[in-house]
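Got your viewer open and a hand on the mouse? Here is a short tour, one selection at a time.

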Amino acid sequence: MPKVHVFARDHINTDEIIPARHLTTDVESELAKYAMEDYDKDFVRRVQPGDIIVAGADFGCGSSREHAVWALRGAGVAAVIAPNFARIYYRNSINNGFLALECDGIVEAFQDGDPADLDLKGGTITNTRTGQQLTFVPVPQFALDVQQAGGWLEYMKANDQAALEAETLNAHSTQAGHGHPGQEEQHA
């Protein structure tokens, strides 16, 4: 069962996820060695494949580097769950087939090391130590398809252009950012 690594502070930026001094490669296994290094030097020794990061609001703010996604994925992190994400980090996650899940109250529901059950289809995460279950913003099917394919490029290779042009990504989480509400109400 995956464990949760809690980084409760809001506004964890991409330099904290992967320090700029380590951006000499785009190889995930190399980047993974330094994931979260400036925030928690022991993180890479504790994280196991399939583990989950729980973080504060606006996770991934700062620069637009995809390395922040690659470092976490390379370290074995299966998903990051936060109240919301910086828009560019959220989109980089989708493009790279990495789960960035939005969930209010997530930081308060977990302690570092708690076991978790993540149900993507059901849209829930359960702290199996306490039994508390939270519902996260549904992941658009398009994003799940990209994730299953292994990223945007792999998804494009597997689908014909006409089908891709018909796809849209218009979900609550892609309209939100920095704590702002998602889709606005339609006025007549």
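Select glycine 97 to begin: this residue comes just after α5 and takes a positive phi of about 70°. Bear in mind as you click around that the model is predicted.

Now step back into the helix itself. Which residues of α5 are buried? Colour Tyr89, Tyr90, Asn92, Ser93 and Ile94, and you have them.

**Next stop: α5 against α7**

Keep α5 on screen and add α7. The two helices pack at an angle of about 55°, and their axes are 8 Å apart. That angle makes α5 oblique to α7. To see who does the touching, show side chains: α5 brings Arg91, Ile94 and Asn95, while α7 brings Phe142, Ala143 and Val146. Sort the residues of this contact by type and you get 4 nonpolar, 1 polar and 1 charged.

Stay with α7, which covers residues 141-149. Its buried residues are Phe142, Ala143, Leu144 and Val146. What covers them? Switch on α5 (87-95), β4 (99-102) and α8 (152-158), which are among the elements that do. Then select glycine 150, which follows α7: here too phi is positive, near 100°.

**Next stop: the parallel sheet**

Hide the helices for a moment and select β1, β2, β3 and β4. These 4 strands form an open sheet in the order β1-β2-β3-β4, with parallel pairing. Which strands are at the edges? Those are β1 and β4, each of which pairs on one side only. Look along the sheet and you can see some twist: neighbouring strands are turned by 20° against each other on average, direction ignored.

Zoom in on β2, residues 52-55. In a regular strand, side chains alternate between the two faces of the sheet. You can check that here: Ile52 and Val54 point one way, Ile53 and Ala55 point the other way, and all of them are buried.

Now look at the partners of β2:

- β1 (residues 4-7) runs parallel to β2, and 4 bridges join the two. Click histidine 5 and you will find isoleucine 53 of β2 standing opposite.
- β3 (residues 79-82) also runs parallel to β2, joined to it by 3 bridges. Click valine 54 this time, and the residue opposite in β3 is isoleucine 81.

Before leaving, bring back helix α4 (residues 67-74). Together, β2, α4 and β3 make a right-handed β-α-β unit.

**Next stop: the antiparallel sheet**

Select β5, β6 and β7. How are these strands paired? They form an open sheet of 3 strands in the order β5-β6-β7, and the pairing is antiparallel. At the edges stand β5 (116-119) and β7 (133-135); each has a single partner strand, so one side of each is left without a neighbour in the sheet. Neighbouring strands in this sheet are turned by 15° against each other on average, direction ignored.

What holds strands together in a sheet? Strands pair through backbone hydrogen bonds, either parallel or antiparallel. For an example of the antiparallel sort, zoom in on β5 and β6 (residues 124-127), which pair over 4 bridges. Select aspartate 117, and its bridge partner in β6 is threonine 126.

**Next stop: threonine 135**

Slide over to β7 and pick threonine 135, which lies in that strand. Is this residue buried or exposed? With 58% relative accessibility, threonine 135 counts as exposed, because the cut-off for exposed is over 50%. Leaving out residues up to four places away in sequence, threonine 135 touches Cys103, Gly123 and Thr124. Now try the distance tool between the C-alpha atoms of threonine 135 and aspartate 104: the two are 31 residues apart in sequence, and 8.3 Å apart in space.

**Last stop: the whole chain**

Zoom out and show everything. The protein chain has 10 helices and 7 strands. Of its 188 residues, 47% count as buried. Finally, think about contacts with a separation of 6 or more: residues 24 or more positions apart account for 63% of those in the protein chain.

Note on methods. Residues numbered from 1 in each chain as written. Predicted model: local features only at pLDDT ≥ 70, side-chain atom pairs only at ≥ 80, totals over all residues. Heavy atoms only, no water. Buried < 20%, exposed > 50% of the residue type's maximum accessible area, 1.4 Å probe, protein only. Contact = heavy atoms within 4.5 Å. Pairing = 2+ DSSP bridges. Axes fitted to C-alpha atoms, helices over the stretch in contact; angles between N-to-C directions. Right-handed = clockwise from strand over helix to strand, strands pointing away. Parallel < 35°, antiparallel > 145°, perpendicular 65-115°, else oblique. Nonpolar A, V, L, I, M, F, W, Y, C, P; charged D, E, K, R; others polar.
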